[in-house]
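Thanks for coming. I have one structure to go through today, so let me put it up.

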Amino acid sequence: MIRTEEMILNVGPQHPSTHGVFRLVVKIDGEIITEAKPVIGYLHRGTEKLAEDLQYTQIIPYTDRMDYLSSMTNNYILCHAVETMMGIEIPERADFLRVIAMELNRIASHLVAWGTYILDLGATSPFIYAFRDREMIINMLNELSGARLTFNYMRVGGVKWDAPEGWIEKVGSFVPYLRGQLIGYHQLVSGNEIFLDRVKGVGKYTKEEAIQYSLSGPNLRSTGVKWDLRKDEPYSIYNRFNFDVPTSEDGDCLARYHLRLQEIEESLKILEQAVEQFPGEGPIMAKVPKIIKAPKGEAFVRIESPRGEIGCYIYSDGKKEPYRLKFRRPSFYNLQILPKLLKGENIANMIAILGAVDIVLGEVDG
Amino acid sequence: MIEELLQSSPGWANFGIFFLLGAVLLLIVLGFVTYGILAERKVLGYMQLRHGPNQVGGKWGLLQTVADVLKLLLKEDIIPKAADRPLFIIAPVIAFAPSFMVLATMPFTDKFQFADIGVGLLYYIAVSGLTTFGMLLGGWASNNKYALLGGMRASAQMISYEIPLVMSVLGVILLTGSLNLNDMVEAQKHGWFIILQPIGFVVFFIASIAELNRTPFDLPESENELVAGYHVEYSGFRWAFFMLAEYVYLFAMSALITVVFLGGWLAPISFLDFIPGAVWFALKFSVVVFVYIWLRATLPRFRADKLMEFGWKVLLPIALANIFLTALIKSLFF
């Protein structure tokens, strides 16, 4: 009589494909997962608690380190929340710089998501092509802010630095370049039979499940929900630009893969228009007091980060530090559906599903 | 020459010659492994917008692999406490030894061959199958869950791919009428088997990648899923033995494809006969190695269950159809 038993396998916290220090305790029967339990918190730094002792400007570098692949949107969410509370009007030029920086950062983030996803599936080269193009964005943002990853670029009331000479033109010429590259990306990966075999119909969930699990970003839109805060609750100057919100009805990993590439194209559209309409001159900072004090009260704002809906709640008692600060971090919410998706899948699919969720551990753990 | 020695009565002289020839082959193979690894890293590098090794041994990194091997020799040899010690030690040897044994029948030129045995092809396939035991044992003996999964995958993959591999060369055997590798090369005087047996070649090539455990069939050691698969607990020179076996197999399999499908040492057109056979062999061989490296740079990895499906439901029927087709054509037209 042959006896089989289930085996507990610890995936992570140090594992090539968990995108950081994410641990997954899976029970496997052969290669089939019968139960999966995510363990998070290895990168918890207590951003929200630390923020309670910091002035608003001092919190901005901490937001850089949450979703470190998309620091610009994180910078923006905090500034946006404080500005909303104080009722500050942002100069036009600063708004343009913010939007350009955020969209560039969104493209960079999606390029990382694309490259690492293919890397998770076993192909090494596309990763490096994606990073080549991302490097150009990083260099541009470096010229703008002086940092490559943790930009610390935005301030309450505007941005810290003006665009250097010729920078806007550089962004303008990057748009057609990346469009050309995207065609190459599709040729290299999108039609590959092995790739399609790995992702088509894998990690499927429905519209209702996505909403129940509070998913957002490409994870939500892959089920056919057309929900993008840039369109549905326009913030900054997004209502001036013409762009689409790509959706898909399939709800599988392939749909999420395609959505990210399509979102890069939409971001390029926004960049193109923003570069065209960029105001020749003007201030980059609104008139704000030296020491920023949010008025007594509370505010919640939300914007669309590359990973989904990022929200910021501030409760202020009128001091220069927030009384309570809370971030709604999309990766954390997107991860919730993982145990449900992994049940009954094999180990190879586990990697494909986890990769398609596109988490950043800095954001999951806060 | 070797044939005569084999016929002669045993003595110290021919023992010495055999030993010397073995050492020569070892040097050739190790030379290939050294520069094959370097070539792989260089080619991968250029395909991936990098330079590859370029520091140790001049700007082409000619001594990089040597330095790497020396480093591996100096590394601490770790045997996990919970591992099955004897099996753990013997597994790399079991994986490695057959990879050298298969080279004995390989006709590199019409003169340079060690054992011209009647069932050369069968011998190759049978002996190379032994390596899987090494992987399975290594995976089992490590007492590591990832290693166990890797070892399991290795044996499952071997079963699924060895059969299409054998079936796909049956067409060639039908045309040659022999399992002898020399006869196969001679039979390609008027046309390489890659042209006469295109279906067989494609099936054989795909199955050979699986046999070599290379991308897109590198499931036993798939880094992104199983971290390193069956050799996850191995370090230092034991690990190097697994890697060595892998690259010696790359050498052997490329040589086999050259012999069976690309006409071995024969020149493609007869007026080019003045160029020595060894050069032709090396050229064809290099092309095959390059294609393997190229595939590694391009393709993502198969999923374990899809791979079995592909082996049994796609490759095997195609290979069987190829045998039938070859037999039909042969009996009707020849």
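**A helix, an interface and a proline**

I'll start with helix 14 of chain B, which covers residues 304-333, 30 residues in total. From first C-alpha to last it reaches 42 Å, close to the 44 Å expected at 1.5 Å a residue. Bear in mind that this is a predicted model.

The helix does have a kink. In helix 14 of chain B the bend is about 30 degrees, and its centre is F310(B).

Which residues of this helix are buried? They are A304(B), L307(B), F310(B), G311(B), L315(B), A319(B), N322(B) and T326(B). So F310(B), at the centre of the kink, is also on the buried list. On spacing, residues three or four places apart in an α-helix point the same way, because there are 3.6 residues a turn.

What covers those buried residues? The cover includes helix 7 (145-176) and helix 10 (198-212) of chain B, along with helix 14 (347-357) of chain A.

That brings us to the interface. Chain B puts 22 residues in contact with 25 residues of chain A. On the chain B side, the elements giving two or more residues are helix 7, helix 11 (223-226), helix 13 (277-298) and helix 14. By class, that side has ten nonpolar, five polar and seven charged residues.

Last item: P91(A), in the loop between helix 3 (71-86) and helix 4 (92-120) of chain A. Is P91(A) buried or exposed? It counts as partly exposed, because it has 18 C-beta neighbours inside 10 Å, and buried would take 20 or more. Leaving out residues up to four places away in sequence, P91(A) touches G158(A), G282(A), P283(A), I284(A) and A286(A). P91(A) and G282(A) are 191 residues apart in sequence, yet 7.5 Å apart in space, C-alpha to C-alpha.

Note on methods: Residues numbered from 1 in each chain as written. Chains lettered and ligands numbered in written order. Predicted model: local features only at pLDDT ≥ 70, side-chain atom pairs only at ≥ 80, totals over all residues. Helix = DSSP H or I, 4+ residues; strand = E, 2+ residues; numbered from the N terminus. Expected span 1.5 Å × (residues − 1). Bend = angle between axes of the 7 residues up to and from the residue. Buried ≥ 20, exposed ≤ 12 C-beta atoms within 10 Å, placed from the backbone. Contact = placed C-beta atoms within 7 Å. Nonpolar A, V, L, I, M, F, W, Y, C, P; charged D, E, K, R; others polar.
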